[in-house]
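User: I am new to this structure and would like a close look at a single part of it, followed by a connected account of the side-chain contacts elsewhere.

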Amino acid sequence: MGSAGAEHSQPQAAEPDPHRPRPAPQGAPPPRGGESAQWADARAIAEAGHRPGEAGARPVSGVPSPSLGPAAMQRDGDRLRFVGAATRRIARGMDLDEIVMGLCRATVPTFSDAILVYLRDPLPVGDERPSGPLVLRLRRTDRLRRIEDGTEDADTEGGLPGLLLGLQLQPDFAATDLCEVLPGGPLAEVLRGVRPVFADTPTALGALPELLGVERRGPGGQHTILAPLRGRRRVIGAAVFLRRADRPAFETEDLLVAAQLATHSALGIDKAVLYDREAYIADELQRTMLPESLPQPHGVRLASRYLPAAETARVGGDWYDAIPLPGNRVALVVGDVMGHSMTSAAIMGQLRTTAQTLAGLDLPPQEVLHHLDEQAQRLGTDRMATCLYAVYDPVTHRITIANAGHPPPVLLHLGGRAEVLRVPAGAPIGVGGVDFEAVELDAPAGATLLLYTDGLVESRLRDVWTGIEQLRERLSATAQLTGPDHPPPLEALCDEVLDMLGPGDRDDDIALLAARFNGIAPSDVAYWNLDPEDAAPRRARRLARKALARWDLEELTDSVELLVSEVVTNAVRYTSRPVTLRLLRTDMLRCEVGDDVPQLPRLRQARATDEGGRGLFLVNKMARRWGATRLSTGKVVWFELPTRASG
């Protein structure tokens, strides 16, 4: 192929073949490998996303900026290469804004001087049928502007002054400008036709004023292309490509280029919207399966945090829970299902529900893990999880912990010392055939127990034991700020723990559960064993009366004696072993009666002729709350009455 000057000296053919390459204009640089220099640079700009004058932009073959002359638009091969580079640029976007930005950066200034991108508001998702009229919102504008040295540069401001005559867009125009598409109108006809059209076509003559506004008009003729954006199911928007009046107009072949850009952008937007919706659903599924609020049982304060992974779609299976148990005890649970998927979140929900059910049976922690292991095996051979289950008793100031392959908890003492508890690690849930071991440890008043998942202490930048040591040091440093006699505020402590996470420490989701042990003083607890005999109710009334006098709660004597008598009478009627009676004074007065009969009592309406059956009816009427809990050794029936402190 000869030089540009040699080609220019040849006589011009009377009827040039439209399929043959046309000569380049005089003074143009020589083509590179069969590709015009302008389109080669345009392809590089479109693929890299650079603009003339931006850092990293390539020089345009000896000219200050790419020309939009007709000679550069003649070659179909060059157009195809540009479209390929532009669509690759668009396809790199993962979310809606990146895809729209990719379309703008790929087309301005290579293909057009400016672009306006309108999207449906709201954007439909998947197969859902939009309700209401079709409304388009101006999502983004981009333009080529002149600068002082006479060259041209691109910018992404909201306005297009000097390009669209009378179209003075305000900085917030892209966030407020809406266009309702009138059914049967010109714009609706163009959108229904799907194919791009020039501004001088009959349908576009009415469609553009409807889209831009009657008082705003752009370059006419073939200097404007209106291209509908059609996704997989329906039209989701429109793109307007514009050239200034002093620039060469678009050609017929440019309609195909606009169609390709619009199609790839629309499909990418559809993909991004679906991806965002799936990520949102997965995140909502995960959060819905976590407790909305934590209980606040007597003797312990609780706080929690949950953070999804940095990549939103990587839904994990981390969970935490706090379950009240009889006797003011509380079960503390934290677990992590292996994997990151919707399936992991669903399995997490099943295991959490199973743990709540097992806790209601008041099984020992190691038995709870054993049954969770069996449940995981029933769900599938590859359903594995780690879990830590602990039971805190505020009366005895003790905690019993069993572990199934989970990171060990950290106990922050009142003086500021942070201790990694020595708990047998055990095998993960789902392995099968493994015995779990529980340990019982002191839980002194003022101490804080921290349960967490491995996302807090393990990442690509550190191993789990390094992270645990950093957590221990962070807890100690935080406790030093409040002094040796005052533990740090629980909510602030959780925030401080999460602040230890660095930029590369969010590979996994994080569940955090903190428990501040306050305990119940021995002076606020009264406990007796009653033989199952007829005199047991009378003795129970006498013991309760003495305890109330000691606590200065004589105003509750009549109510407590009546209710204790009814509950104890019902217990000794069916049991053959001693009955337990316990009174606990907190902000409420709680009475618990335990026996070895597993059947739970039911509230029934006694008939007028019945001699009995009114005990629970009285309890239900007089107590603020009451209930019955089945234990592994029988059951406990309890009720609560308000004191002066509780109002």
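User: Is M342 buried, partly exposed or exposed, and what is its relative accessible area?

Analyst: The model is predicted, and the answer below should be read with that in mind. M342 has a relative accessible area of 40% and is therefore partly exposed, since the partly exposed class runs between the buried limit of 20% and the exposed limit of 50%. The residue lies in helix α9, which covers residues 342–360. Together with Y280 and I281, M342 makes a nonpolar surface patch of about 300 Å².

From this patch we can turn to the aromatic rings, where the count comes to three aromatic pairs. In one of them, the ring centres of F111 and F241 are 5.5 Å apart and the planes stand at 85°, so this pair is edge-to-face. F111 belongs to the loop between α4 (96–107) and β1 (114–120), whereas F241 belongs to strand β7 (residues 235–242), so the contact ties together parts that are 130 residues apart in sequence. Both F111 and F241 are buried. Another pair is formed by Y392 and F517, whose ring centres are 4.2 Å apart with planes at 20°, so the two rings are stacked. This pair also links distant parts of the chain, with Y392 in strand β11 (residues 385–393) and F517 in strand β17 (residues 510–517), 125 residues apart. Y392 and F517 are both buried.

The ring of F111 takes part in further contacts. Ring pairs link F111, F241 and F250 into a cluster, and the charged end of R243 sits over the ring of F111, 5.8 Å from its centre. A charge over a ring is also found with R590, which lies over the face of W638 at 4.3 Å from the ring centre.

Charged side chains also meet one another. Side chains of opposite charge can pair when their charged atoms come close. A search of the whole structure finds 20 salt bridges, and several of them can be followed here. R244 and D246 meet through their side chains in a salt bridge with an N to O distance of 3.4 Å. The two partners differ in their surroundings, because R244, with a relative accessible area of 9%, is buried, while D246, at 53% relative accessibility, counts as exposed.

A further salt bridge joins the side chains of E491 and R305, at 2.8 Å from N to O. This pair links distant parts of the chain, since E491 lies in helix α12 (residues 490–498) and R305 in strand β8 (residues 300–307), 186 residues apart. E491 is partly exposed, with a relative accessible area of 41%, whereas R305, with a value of 19%, is buried.

Helix α12 also holds E496, and R474 lies in helix α11 (residues 464–480), 22 residues apart from it, in another pair that links distant parts of the chain. E496 and R474 form a salt bridge in which the closest N and O atoms are 3.4 Å apart. Here both partners fall in the middle class of exposure, as E496 is partly exposed with a relative accessible area of 30% and R474 is partly exposed with one of 27%. Finally, salt bridges that share partners join R582, R590, E592, R625 and E640 into one network, and R590 in this network is the residue already described over the face of W638.

Key. Residues are numbered from 1 along each chain as its sequence is written. This is a predicted model: local features need pLDDT of at least 70, side-chain atom pairs count only at pLDDT 80 or more; totals for chains, interfaces and linings use all residues. Side-chain values use heavy atoms; hydrogens and water are left out. Rings of Phe, Tyr and Trp (its six-membered ring) pair if their centres lie within 6.5 Å; planes under 30 degrees apart count as stacked, over 60 as edge-to-face and the rest as tilted. Helices (H or I, at least four residues) and strands (E, at least two) are DSSP runs, numbered from the N terminus. Buried means under 20% relative accessible area, exposed over 50%, partly exposed in between (1.4 Å probe, protein chains only). A charge sits over a ring if NZ of Lys or CZ of Arg is within 6 Å of the ring centre and within 35 degrees of the ring normal. Patches are made of residues with over 30% relative accessible area and no salt bridge: like charges are joined within 9 Å, nonpolar side chains (Val, Leu, Ile, Met, Phe, Trp, Tyr) within 5 Å. Accessible areas come from the Shrake-Rupley method with a 1.4 Å probe; for residues, only the protein chains shown count as cover. A salt bridge is a side-chain nitrogen of Lys or Arg within 4 Å of a carboxyl oxygen of Asp or Glu.
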